[in-house]
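Trainee: I've got a fresh model open and a pile of questions. Can we go through it together, one piece at a time?

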Amino acid sequence: MQMKKRIKPKKLRAGARIGVVNPAYWLEAERLQRAVKVFEELGYELVLGKSTGLQENQCAGTPAQRAEDIMAMFRDPSIDAIICARGGYGGNRVLPLLDYEVIRANPKIFVGYSDITGLLTSMAQKSGLITFHGPMLSTYGKQTIGYNLDIFHRVLSGEDNIQIMSAPECRARCLKPGDASGPLWGGNLTLVIERLATDGQIDTAGSILLLEDIDEKLYAFERMMLHLRSSGSLEKIKGLVIGEMLEMGDGKTPFGKTTDEIVLDICSDLEIPIISNFPCGHGDYQVTLPISHRVEIHAEDENPHILIPESPVR
């Protein structure tokens, strides 16, 4: 796929109107309203898309309804930014229904993670829009953590030279030391694997690759990492960031390796810095990171961190 020229969305200003869409699984009304209150108390006006009030089995309406809700937010000139309500399965049905030229003509901040990975990378690939891997309404509907809000605001407000350290409650680990820079790609490992051998496969050459997941068996995690390696997706990356890997289960017969040991077993011969347990997964602590935008990783023994030298918004 020919990569589009990078487009920075406008920065998030005080009092901005933020559209909320639900591209995948539906979100309970009580949790949604708690999150809305959090943003309203910060001075933002939240506009709930139609998909936030729909439910078709597990999903927030049909694929067509969810896609149209996203496109309506991009077309609406009064909407300054778009945040997804939650992830969960279902976003892959929405991808072919989006109008990427309309998105390119109306660039806006678009935030999500987990199953939203497919939308983040597809929008970045097909429209050129810099998107954001970050906390959603489901996160704020659970609890409000100052660390998450602080980084969210810093990354989206136009600040340069943002150094993102891990949270004291979620300490990142240095698996292989070193420094590297490149455009950030990736997200949820299952979704990255899902896009292999499709027109949405990520071109990882020269990138900093981000991977996170939840609720997988350790053997399945190894299988997916081996799949990435055999597909060539790890051969030319500049650095690797592994997010917080939660609820990674074992069997009655122990698998015998932790997630860190699996990563090192598969990637130890790559001459790249590797950070693990960075707060960019499904845990309580979630940073906001720009997909397709250049970042630096500094894998140091004590304080591995990510630096965003130039603001990803304008």
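Trainee: Sure, let's start with helix α4. Which of its residues are buried?

Mentor: Keep in mind that this is a predicted model. Nine of the 10 residues in α4 are buried, so we can call the helix mostly covered by the cut-off of under 20% relative accessible area. The buried ones are T117, G118, L119, L120, T121, S122, M123, A124 and Q125.

Trainee: Let me zoom in on T121. Is T121 buried or exposed?

Mentor: T121 sits in α4, which spans residues 117-126. Its relative accessible area is 1%. Buried means under 20%, so with 1% the verdict for T121 is buried.

Trainee: And which residues does T121 touch, beyond those up to four places away in sequence?

Mentor: An α-helix has 3.6 residues a turn, so residues three or four places apart point the same way. Leaving out residues up to four places away takes such helix neighbours of T121 off the list. What remains in touch with T121 is W185, G186, I202 and I291.

Trainee: What happens to the backbone just after α4, at G128?

Mentor: Most residues other than glycine have a negative phi. G128, just after α4, is a glycine with a positive phi. The value for G128 is about 90 degrees.

Trainee: Now the cases that aren't glycine. What is phi at N57, and what is it at D215?

Mentor: N57 is in the loop between β2 and α2, while D215 is in the loop between β9 (208-212) and α8 (218-230). Each has a positive phi in a residue other than glycine. Phi is near 55 degrees for N57 and near 60 degrees for D215.

Trainee: Are N57 and D215 buried or exposed?

Mentor: The cut-off for exposed is over 50% relative accessible area. N57 comes in at 66% and D215 at 56%. So N57 counts as exposed, and D215 is likewise exposed.

Trainee: Q55 is in that β2 to α2 loop too. How does its accessibility class come out?

Mentor: Q55 is in the loop between β2 (45-48) and α2 (63-75). Outside its neighbours within four places in sequence, it contacts W26, A60 and G61. Its relative accessible area is 48%, so Q55 is partly exposed.

Trainee: How far apart in space are Q55 and K5?

Mentor: In sequence, Q55 and K5 are 50 residues apart. Going C-alpha to C-alpha, the spacing between Q55 and K5 is 36 Å.

Trainee: On to empty space. Which residues lie nearest the centre of the largest pocket?

Mentor: The largest pocket holds about 610 Å³ of space. Its lining takes in 27 residues, with α5 (137-142) and α7 (189-194) each supplying at least two. Nearest the centre are R86, Y113, S114, I214 and H282.

Trainee: How does that lining divide by class?

Mentor: Think of the classes as nonpolar, polar and charged. For the largest pocket the split is six nonpolar, 11 polar and 10 charged.

Trainee: What about the second largest pocket: how many of its lining residues are charged?

Mentor: That pocket has a volume of about 230 Å³. It is lined by 13 residues, with K10, I79, D80, P107 and K108 nearest its centre. Four of the lining residues are nonpolar and one is polar, while the charged ones number eight.

Trainee: Which residues line the largest cavity?

Mentor: There is one cavity of 30 Å³ or more, and the largest cavity has a volume of about 40 Å³. Its lining has five nonpolar residues, three polar and no charged. The names are V192, L196, Q201, I202, T204, L209, L228 and S233.

Trainee: Last, the whole chain. What is its radius of gyration, and why call the chain as compact as a globular protein of that length?

Mentor: The protein chain has nine helices and 14 strands. The globule rule gives 20 Å for 314 residues, and the chain's value is close to that, so it is as compact as a globular protein of that length. Of those residues, 59% count as buried. The radius of gyration is 18 Å.

Terms used. Residues are numbered from 1 along each chain as its sequence is written. This is a predicted model: local features need pLDDT of at least 70, side-chain atom pairs count only at pLDDT 80 or more; totals for chains, interfaces and linings use all residues. Side-chain values use heavy atoms; hydrogens and water are left out. Helices (H or I, at least four residues) and strands (E, at least two) are DSSP runs, numbered from the N terminus. Buried means under 20% relative accessible area, exposed over 50%, partly exposed in between (1.4 Å probe, protein chains only). Contact means heavy atoms within 4.5 Å. On a 1 Å grid over the protein atoms alone, a cavity is a set of points where a 1.4 Å probe fits but cannot get out, and a pocket is an open set with protein on both sides within 12 Å along at least five of seven lines; lining residues have an atom within 4 Å of a point. Grid points are joined across faces, edges and corners, and a volume is the space filled by probe spheres set on the points. Ala, Val, Leu, Ile, Met, Phe, Trp, Tyr, Cys and Pro count as nonpolar, Asp, Glu, Lys and Arg as charged, and the others, Gly among them, as polar. The radius of gyration is taken over C-alpha atoms; the globule rule is 2.2 Å times the number of residues to the power 0.38.
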